[in-house]
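Trainee: I should like a close look at a single part of this model. Please take one strand and describe its setting in a connected account.

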Amino acid sequence: MAKEVDGCVKPAAGPLVAEPTPAKETPFKEVQMTVARTGKEAPDFEATAYVAGEGFKNIKLSDYRGKWIVLCFYPGDFTFV
Amino acid sequence: MAAVAAKYPEFQALGVEVLSVSTDSRQVHKIWQEEELSKMVEGGVPFPMLSDGGGRIGTVYGVYDEAAGVDIRGRFLIDPDFVIRATEVLTAEVGRNPDELIRQVKAFQHVVATGEVTPSGWQPGQKTLTPGPDLVGKVWQEWKP
């Protein structure tokens, strides 16, 4: 296997869309939220990642635009299910 | 995630890219892959394992549990036009069923390719329906559960 890339990766940007505003800061205003909704466009983001055989890199969801994508969140590494 | 990894060849055959996300750091992902996943599934997790420290991405996707500080088990199927076609969110205790996800991928790919619609529980090769005025009130003639 090729040597994996060492990862002095830059911090990733996180969501590349408007994030939900904490409610306490805007108690009387309608809060603008970008929340994923089925049937609507997926909110883009950038995250740091580990890719087996490659190493550490930053990945944007939109890097995969044009393909079918399965995005799976899970509660944590080394958990039981 | 090991269960999804075990089905990865099927996802690949369908042209699906898989990305996993948790609040763990990329360094922890690496050690989990090397110490455990690679022993559960041959080759371990072959897809990118993304890190959502702080849960900002999970918040935007509606799956971040602030009290626990983790992203719960949310799964999103996104089509090539970047539209979310299917969503399933479970609390931590129950694992996913990758076979149902694969069935949904096949159904959505069929729908996009043909303009037909797929009845409940549809599997490739089974009856589909072509929506239109003529079908109104006549579905019973075409399909039964």
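Mentor: Two strands pair if DSSP finds at least two bridges between them. Strands (E, at least two residues) and helices (H or I, at least four) are DSSP runs, numbered from the N terminus. Residues are numbered from 1 along each chain as its sequence is written, while chains are lettered from A and ligands numbered from 1 in the order in which they are written. The model is predicted, and local features need pLDDT of at least 70, side-chain atom pairs count only at pLDDT 80 or more, and totals for chains, interfaces and linings use all residues.

The part chosen is strand E5 of chain B, residues 73-78. On one side, E5(B) is joined to E4(A) by four bridges, and the two strands run antiparallel. Within this pairing, Ile78(B) of E5(B) is the bridge partner of Ile69(A). E5(B) also pairs with E6(B), again in the antiparallel sense, over six bridges. Here Arg75(B) has Glu88(B) in E6(B) as its bridge partner. E5(B) and E6(B) form a hairpin with five residues between them, and Phe82(B) in the turn has a positive phi of about 75 degrees.

As to burial, a residue is buried if 20 or more other C-beta atoms lie within 10 Å of its own, exposed if 12 or fewer, and partly exposed in between, with C-beta atoms placed from the backbone. By this criterion six of the six residues of E5(B) are buried. In a regular strand the side chains alternate between the two faces of the sheet. In E5(B), Arg73(B), Arg75(B) and Leu77(B) point one way, whereas Gly74(B), Phe76(B) and Ile78(B) point the other way, and all are buried.

Arg96(B) brings a loop into the account, as this residue lies between strand E6 (84-90) and helix H5 (98-114) of chain B. Two residues are in contact if their C-beta atoms, placed from the backbone, lie within 7 Å. Leaving aside residues up to four places away in sequence, Arg96(B) touches Arg73(B) and Arg75(B) of the strand, together with Ala3(B), Leu90(B) and Leu101(B). The C-alpha atoms of Arg96(B) and Arg75(B) are separated by 8.8 Å, although the residues are 21 apart along the chain. Arg96(B) counts as partly exposed because it has 18 C-beta neighbours inside 10 Å.

Finally, the partner strand in chain A may be considered through pLDDT, the predictor's confidence in each residue, from 0 to 100. Among the elements of chain A, strand E4 (residues 68-73) has the highest mean pLDDT, 97.
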